[in-house]
Amino acid sequence: MGDIKQSLFPDYNTKIIIEMEHGQKDPATGKYWNGLTKKWLKKPVRDSTKGQHIGKAKGKAKGLAVGKAVGKAKWLVYNKKLEKIKASHPGSWKSHGWLPINLSIEVIKADAVIHWKDKKTKFEIDRALALSSLLIIMRCKMDDIQKRKSVYSEGYVNLHNKDLKYYVGRNYKKYITFFKDAEYIRGFYTGFEKKEESYCPNAFAKMYKWHQRHLNKPGDLRMYQRVEYSSQRLLLRLFEIKEEKRQQILKQTLRHHLIANVFKMAPNIDVDGFTSWALANPGEFNDKEALNNVIVNVNSIKNGDIYITASDLYGERFHSVFTNTSRHLRKYININGTTAKEIDLKASQFFFFACMVLHPDQCLEVLKKEMKQVRLNEIMHTMKHYYDSYEDVKEFVDVSLTNSIYQTIMSKFNGQYGKTYVKDLCFRAFFSRSGQSKEEKDLLKAHYPNVIRLCEIINNRARKEEKQNVLNGKADAPIYSVPQLLQRLESRIMIDIIALKASGLANRNASLQACHEFTSVHDSFIIAAADEQIFRSLIATTFADLGLPAPVVECK
């Protein structure tokens with residue numbers, strides 16, 4: 001039963017004893033009885049949340065505990081990664097920073113107690129060391145002519161916000177303030193007001209220089225001293241930067257390697273064999289003139305008339321005479337005295353489309369270099385939303401992931417159209433904006449209306465992005481259209497990773513290195529017959545390492 005409580009009715013003279021249930025409203029006062037706390041409440045009693053919430057003090061303590069746990073977990077992750085790097089790169093994993101010769105880590109730590117004013121942000125000595133190193137390295141990179149100009153002759157150096165964020169972190173301003181308050185550095189001021197230049201990306205960089213007393217030490221000719229970093233996070237970061245630069249150089253070297261391979265392969269084309277085949281199969285060409293054009297062009301290629309685009313600005317693809325001539329020519333290329341093979345990914349464009357929908361994080365890792373991560377996230381979120389919301393999108397993505405989209409569409413039209421026509425149909429319908437390729441879209445709308453709508457949304461936005469790039473003077477900047485994203489995803493995997501490994505330029509495993517020359521044809525490779533298993537293995541392991549499903553590989 002409920003509790004016995006007194007309640008005063010409006011006459012205030014008659015006292016009546018009534019039995020109140022938990023949550024019951026008192027008709028006299030309009031208040032509600034809380035049987036758990038034994039108190040009256042102005043508002044209706046809510047269900048108990050005991051155990052679901054904690055007080056502010058407990059919440060704060062729990063937050064601190066969680067923070068410590070997360071910090072410890074991160075430290076364990078950093079340590080594990082660093083140990084792995086030490087084992088694989090024993091001679092290059094370590095990085096060093098730089099300090100003025102008359103300034104030590106102990107002095108900086110002591111000064112931080114006095115001059116580090118932000119109590120919410122923990123002072124980290126390695127971030128301070130990163131700022132010091134940036135000042136010194138940027139100064140040393142200046143040539144003698146520049147050092148004689150203007151304020152540079154006084155020892156100043158430019159620090160860009162991009163570099164500061166990259167090396168010091170997002171709190172770089174606090175470390176610069178600390179360096180100035182501790183009188184390690186001074187800024188260059190312009191005009192009558194002591195106001196430094198903006199940190200905005202498009203503004204001039206700020207200029208700083210060391211106070212001279214820190215650069216001179218009696219009996220020592222050095223101005224700077226090398227010191228070791230101790231932060232595992234920073235050691236990992238600096239190692240990643242070194243590897244990133246190395247990979248960028250290797251990628252450029254790889255493109256030159258592929259160019260050299262094309263020049264090696266061109267003289268070995270079986271021109272007579274191709275000419276005989278072309279004359280025997282005139283139906284493979286649009287008309288008589290097209291047939292003769294190809295025959296003349298193939299002879300020109302064999303004679304050394306070769307054009308190559310090592311990396312186009314749109315999709316970062318490698319273009320050569322083998323990518324822009326009849327696919328039948330590839331059957332008449334000889335490598336190592338035998339007929340070459342072509343190993344390719346079946347229906348690769350829509351396979352990569354499916355990967356972007358179902359494996360966005362993994363694709364983002366591949367695409368994010370020199371592209372806007374926020375824009376990529378928006379696109380992949382939209383793609384996933386359509387996949388979850390519309391059955392036709394889900395079907396399209398699922399069959400694309402198994403490289404069987406063309407066969408599926410052919411069956412929907414009861415075999416009325418062949419594979420070549422269906423492939424062209426898909427490219428026109430899904431790689432265009434609203435108002436374009438109307439006939440192709442009308443055919444596919446019966447089966448994939450929301451796939452068309454999804455692609456139009458992305459491609460329409462890409463058109464606006466393209467116009468804005470032109471207005472900003474950056475006509476070659478990414479536009480994030482469906483075909484551009486798929487081409488870049490393909491190129492960065494097929495060329496920058498798989499071809500790089502096959503070339504042996506960055507491969508420590510000699511067993512996974514092509515023995516003969518090869519070249520890229522977008523989603524395929526022209527290879528020596530003896531290297532087929534090597535390429536099959538490289539493709540399988542690369543996609544597995546990236547966390548992506550294995551594509552269907554075909555060798556012709």
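Student: Which residue in β15 stands opposite L345?

Tutor: L345 stands opposite V553 there. Do keep in mind, as we go, that this is a predicted model.

Student: In what sense do strand β12 and β15 pair, and over how many bridges?

Tutor: Pairing is read from bridges, with at least two needed between two strands. Here β12, which spans residues 341–345, pairs with β15 in the antiparallel sense, and the pairing runs over 3 bridges.

Student: What order do the strands of this open sheet have?

Tutor: There are 4 strands, ordered β13-β14-β12-β15, and the pairing is antiparallel. The edge strands are β13 (519–521) and β15 (553–555), each of which pairs on one side only. On average, neighbouring strands of this sheet are turned by 25 degrees against each other, with direction ignored.

Student: Over how many bridges do β12 and β14 pair?

Tutor: Over 4 bridges, in the antiparallel sense. Within that pairing, E342 stands opposite I526 of β14.

Student: And what do β13 and β14 form?

Tutor: A hairpin, with 2 residues between the two strands. The strands run antiparallel and are joined by 3 bridges. I526 comes up again here, as the bridge partner of T519. Look at the turn as well: H522 has a positive phi of about 60 degrees.

Student: Which residues of β14 are buried on its two faces?

Tutor: To call a residue buried, we need a relative accessible area under 20%. In β14, S524 and I526 on one side and F525 and I527 on the other are all buried, and both faces are covered.

Student: Which strands does helix α18 lie across?

Tutor: Helix α18 (residues 482–503) lies across β12, β13 and β14, where β14 covers 524–527. The helix runs at about 40 degrees to β14.

Student: Let's turn to helix packing. At roughly what angle do the axes of helix α13 and helix α17 cross?

Tutor: At roughly 85 degrees, and the axes come within 7 Å. Angles of 65 to 115 degrees count as roughly perpendicular, so α13 is roughly perpendicular to α17. For orientation, α13 spans residues 391–401 and α17 spans residues 449–471.

Student: Which residues make the contact?

Tutor: From α13 they are D392, V393 and F396, while α17 contributes P449, N450 and V451. By class, this contact has 4 nonpolar, 1 polar and 1 charged residues.

Student: Where does K38 lie, and what is its phi?

Tutor: K38 is in the loop between β3 (32–34) and β4 (39–41). Its phi is positive, at about 60 degrees, although K38 is not a glycine.

Student: Why does K38 count as partly exposed?

Tutor: Because its relative accessibility is 48%, and exposed would need over 50%.

Student: What about E370: is it buried or exposed?

Tutor: E370 is exposed, with a relative accessible area of 60%. This residue sits in the loop between α11 (360–367) and α12 (373–389). Its phi is also positive, near 60 degrees, in a residue other than glycine.

Student: One last topic: what is the mean pLDDT of the protein?

Tutor: The mean is 84, and 87% of the residues reach 70 or more. Over residues 1–17, though, pLDDT is below 50, and this stretch has 31 contacts in the model beyond near neighbours in sequence. Residues 191–203 also have pLDDT below 50, with 23 contacts beyond near neighbours in sequence. Where pLDDT is low, predicted coordinates should not be read in detail.

Conventions: Residues numbered from 1 in each chain as written. Predicted model: local features only at pLDDT ≥ 70, side-chain atom pairs only at ≥ 80, totals over all residues. Heavy atoms only, no water. Axes fitted to C-alpha atoms, helices over the stretch in contact; angles between N-to-C directions. Contact = heavy atoms within 4.5 Å. pLDDT = per-residue confidence, 0-100. Buried < 20%, exposed > 50% of the residue type's maximum accessible area, 1.4 Å probe, protein only. Parallel < 35°, antiparallel > 145°, perpendicular 65-115°, else oblique. Nonpolar A, V, L, I, M, F, W, Y, C, P; charged D, E, K, R; others polar.
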